[in-house]
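Student: Got a minute to go through this model with me? I'd like to talk about pockets first, then salt bridges and the surface.

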Amino acid sequence: MSWKSAVNYAKDIAEKHGFSSDIEQDENLPLGARIGGFVRLQKSPFIRAISEGSLIDMPTDAQSVIKAISRVKLNLSGSLYRYYLQTGDLQTGDADAKEIFLQVYVNELGQVSEAIYCTQLTRLIPETDEDQKIFMGLVGYGLGDKRYSLWRFQLEELGYVESDLQVIFGGDETLDYSRDAGDVDQEFLAPFTGTEVRLDDALGQQGLQQDIYFMPYKREVKGHTEYLFITTELVKSKNGDTSQREIHVDFMVGMPVELECVVIQ
């Protein structure tokens with residue numbers, strides 16, 4: 001079963017996933033992942049995708065060490081893991097860096113069925129109550145609409161140069177993504193909701209817990225699929241400190257990778 005199959009009105013997860021602090025928790029994870037593990041990916045598919053206009057960032061050896069591991073609890077029929085190569089957090093030493101993670105989906109049979117390499121396009125802070133509700137899909141539109149578009153001027157504001165914009169947009173002004181969940185004719189689908197518990201060390205003494213509102217979008221870029229994962233995150237605690245609450249919206253660009261081409265050492 002693929003990620004697409006999992007998010008479409010799938011069954012609720014039967015068991016709670018979490019991390020305790022009294023035993024090592026980064027053992028027996030999918031693909032043999034562990035904090036400090038080194039992720040190796042085949043570079044050639046990324047080179048082709050970027051040359052054809054994908055927004056994905058190229059994996060580098062400097063950004064290949066697993067710094068944190070999270071388990072995401074959504075209304076899925078399987079389990080979702082994120083292996084963070086950059087967290088963007090002060091606590092892990094890369095506060096100025098964008099998030100990068102390998103998202104791994106394990107189906108209801110316990111088999112790894114999909115891996116998607118994700119790099120952060122941008123993060124925004126919804127400042128008004130109305131904006132927050134729109135990005136949480138609480139007003140019947142916004143996050144959960146059947147289409148989402150990125151505009152050329154938005155990427156210009158993010159620092160993309162004209163030569164890159166020409167490759168990405170060509171003569172168009174928008175990049176148009178379709179919702180990768182629900183009925184294609186359904187104008188709005190309420191976002192998937194759940195929690196993410198992130199472990200920043202093997203003993204579970206450092207980490208993060210947050211509530212999330214999530215929707216996957218996708219587009220085709222000359223024969224390959226590019227995902228746009230939009231996630232509104234309500235941080236509930238960091239390292240056990242519940243006073244560090246915040247809300248933000250992450251836009252992650254994802255590219256599926258062949259499982260046989262993923263090696264974690």
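Tutor: Sure, let's take those topics in turn, keeping in mind that this is a predicted model.

Student: Okay, what volume does the largest pocket have?

Tutor: About 430 Å³. There are 22 residues lining that pocket, and the closest to its centre are Leu-124, Phe-135, Tyr-148, Gln-154 and Phe-251.

Student: Which helices and strands supply at least two residues each to the lining?

Tutor: Two strands and two helices do: E5 (112-124) and E6 (147-151), plus H3 (129-135) and H4 (152-157).

Student: And where does the largest share come from?

Tutor: From E6, which gives four residues to the lining of the largest pocket.

Student: What's the lining like by class?

Tutor: The lining of the largest pocket has 13 nonpolar residues, along with five charged and four polar ones.

Student: Switching to salt bridges. How many does the structure hold?

Tutor: Twelve. Take Arg-123 and Asp-250 as one of them: their side chains meet at 2.6 Å, N to O. Arg-123 sits in strand E5 and Asp-250 in strand E11 (residues 246-257), so this salt bridge ties together parts that are 127 residues apart in sequence.

Student: Is Asp-250 buried or exposed?

Tutor: Buried, with a relative accessible area of 1%. Arg-123 is partly exposed, at 32%.

Student: Why does 32% count as partly exposed?

Tutor: Because buried means under 20% and exposed means over 50%, with partly exposed in between. Arg-123 has 32%, so the partly exposed class is where it goes.

Student: Which residues are linked with Arg-123 and Asp-250 in a network of salt bridges?

Tutor: Glu-99 is linked with Arg-123 and Asp-250 in that network.

Student: Back to H4 for a second. What does Arg-152 form a salt bridge with?

Tutor: With Glu-162, and their closest N and O atoms are 2.7 Å apart. Arg-152 belongs to helix H4 and Glu-162 to helix H5 (residues 162-169), so the pair ties together parts ten residues apart in sequence.

Student: How accessible are those two, Arg-152 and Glu-162?

Tutor: Arg-152 is buried, at 8% relative accessible area, while Glu-162 is partly exposed, at 46%.

Student: And what about Lys-238, which acid does that one form a salt bridge with?

Tutor: Glu-246, with the closest N and O atoms 3.4 Å apart. Lys-238 counts as buried at 12% relative accessibility, and Glu-246 counts as partly exposed at 33%.

Student: New topic, the surface. Which residues form a nonpolar patch there?

Tutor: Leu-138, Val-139 and Tyr-141 form one, and together they have about 270 Å² of accessible area.

Student: Where is Val-139 found?

Tutor: In the loop between H3 and E6. Val-139 is partly exposed, with a relative accessible area of 35%.

Student: Last one. Where does Ser-77 lie?

Tutor: In the loop between strand E2 (68-73) and strand E3 (79-86). Ser-77 counts as buried, at 17% relative accessibility.

Student: How far apart are Ser-77 and Val-106 in sequence and in space?

Tutor: They are 29 residues apart in sequence and 9.1 Å apart in space, going C-alpha to C-alpha.

Note on methods:
Residues are numbered from 1 along each chain as its sequence is written. This is a predicted model: local features need pLDDT of at least 70, side-chain atom pairs count only at pLDDT 80 or more; totals for chains, interfaces and linings use all residues. Side-chain values use heavy atoms; hydrogens and water are left out. On a 1 Å grid over the protein atoms alone, a cavity is a set of points where a 1.4 Å probe fits but cannot get out, and a pocket is an open set with protein on both sides within 12 Å along at least five of seven lines; lining residues have an atom within 4 Å of a point. Grid points are joined across faces, edges and corners, and a volume is the space filled by probe spheres set on the points. Ala, Val, Leu, Ile, Met, Phe, Trp, Tyr, Cys and Pro count as nonpolar, Asp, Glu, Lys and Arg as charged, and the others, Gly among them, as polar. A salt bridge is a side-chain nitrogen of Lys or Arg within 4 Å of a carboxyl oxygen of Asp or Glu. Buried means under 20% relative accessible area, exposed over 50%, partly exposed in between (1.4 Å probe, protein chains only). Patches are made of residues with over 30% relative accessible area and no salt bridge: like charges are joined within 9 Å, nonpolar side chains (Val, Leu, Ile, Met, Phe, Trp, Tyr) within 5 Å. Accessible areas come from the Shrake-Rupley method with a 1.4 Å probe; for residues, only the protein chains shown count as cover.
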